[in-house]
Amino acid sequence: MPPYPTGSWIPVALSADLPAGTVMPAQSPAGPVALWRSRSGRASAFADRCPHRGMRLSHGFVRGETLSCIYHGWGYAQEGNCLRIPAHPALTPPDTIRVATQHVEDGDGVIWISAGETAAPPPRLDGVAPLRSMMVEANVAALEAAAGAKAAGGLLDHSNDGLTLRLLLAPDGEARTLMHVLVGEDANPTERIAASRAAETLRRAAERIRSGGAVQ
Ligand code: FES
């Protein structure tokens, strides 16, 4: 991801895409993370590297309120400290064994990770509801060109056939963008389908621009 101003919030996933008891990979300002939700519903983000031998924790599994590594089963609490080493069941792991954690907020249907310390909560998304996410193989500039509009505060408004979409953008490196599609919270199923199609059309247009094609 590009450098984000300290204190800003990055929309790394939709809440609905991370059910209780699951883990998924995501990109944060500090690098790859294992984004996981405990059985009780709390979302957490760990650096995606097990402190034991470096296995990706996003390949692990959730057990109650802990995330366990798939390799040797070390289990980590939401605060990042190791709670359990299966090969040494009588051992209380020293507090020095811990995985780096990041600040996560789960609000308005979006999971946010902050870039460094932050004093303010994530932005509110009043009047809209998340519909779906998609990875666009193009940067924000190409999406803006395809939409004929400029993003402001990470939000790009796009009108298509009388339908207005709000697109929440999270750059992923120099050439990709994670795009969350938001629709009016009272949108009916037909409007939701139309919004999803419009977002797909915009994605394809941005990817054509990125590969040297023209806007159509
Ligand atoms: S690499 Fe994770 S427990 Fe061994």
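No salt bridges are counted between domain 1 and domain 2, and the polar contacts between these two domains amount to 1 residue pair, with both residues at pLDDT 80 or more. In this predicted model, the side of domain 1 that touches domain 2 draws at least two residues from each of the strands β1 (9-14) and β11 (110-114), and β1 provides the largest share of that side, with 5 residues.

The two domains into which the protein chain is divided span residues 9-114 for domain 1 and residues 128-210 for domain 2, and their centres, taken over C-alpha atoms, are separated by 29 Å. The contact involves 11 residues from domain 1 and 10 residues from domain 2. Between them, domain 1 and domain 2 bury about 640 Å², of which 74% lies on carbon and sulfur atoms. On the side of domain 1, the residues that lose the most area to domain 2 are Pro11, Leu14 and Gln27, which together account for 60% of what that side buries.

The structure also contains 1 aromatic pair. The ring centres of tryptophan 36 and phenylalanine 46 lie 5.4 Å apart and the ring planes stand at 70°, so the arrangement is edge-to-face, an angle over 60 degrees being required for that class. This pair links distant parts of the chain, with tryptophan 36 in strand β3 (residues 31-37) and phenylalanine 46 in strand β4 (residues 43-47), 10 residues apart. Tryptophan 36 is buried, its relative accessible area being 0%, and phenylalanine 46 is likewise buried, with a relative accessible area of 0%.

Note on methods:
Residues are numbered from 1 along each chain as its sequence is written. This is a predicted model: local features need pLDDT of at least 70, side-chain atom pairs count only at pLDDT 80 or more; totals for chains, interfaces and linings use all residues. Side-chain values use heavy atoms; hydrogens and water are left out. Rings of Phe, Tyr and Trp (its six-membered ring) pair if their centres lie within 6.5 Å; planes under 30 degrees apart count as stacked, over 60 as edge-to-face and the rest as tilted. Helices (H or I, at least four residues) and strands (E, at least two) are DSSP runs, numbered from the N terminus. Buried means under 20% relative accessible area, exposed over 50%, partly exposed in between (1.4 Å probe, protein chains only). Domain bounds come from an automatic or database domain assignment. Contact means heavy atoms within 4.5 Å. Buried area is the accessible area (1.4 Å probe) that two parts lose on being put together, summed over both. A salt bridge is a side-chain nitrogen of Lys or Arg within 4 Å of a carboxyl oxygen of Asp or Glu. A polar contact is a pair of N or O atoms within 3.5 Å; within protein, one must be able to donate a hydrogen and the other to accept it, and residues adjacent in sequence count only if both atoms are side-chain atoms.
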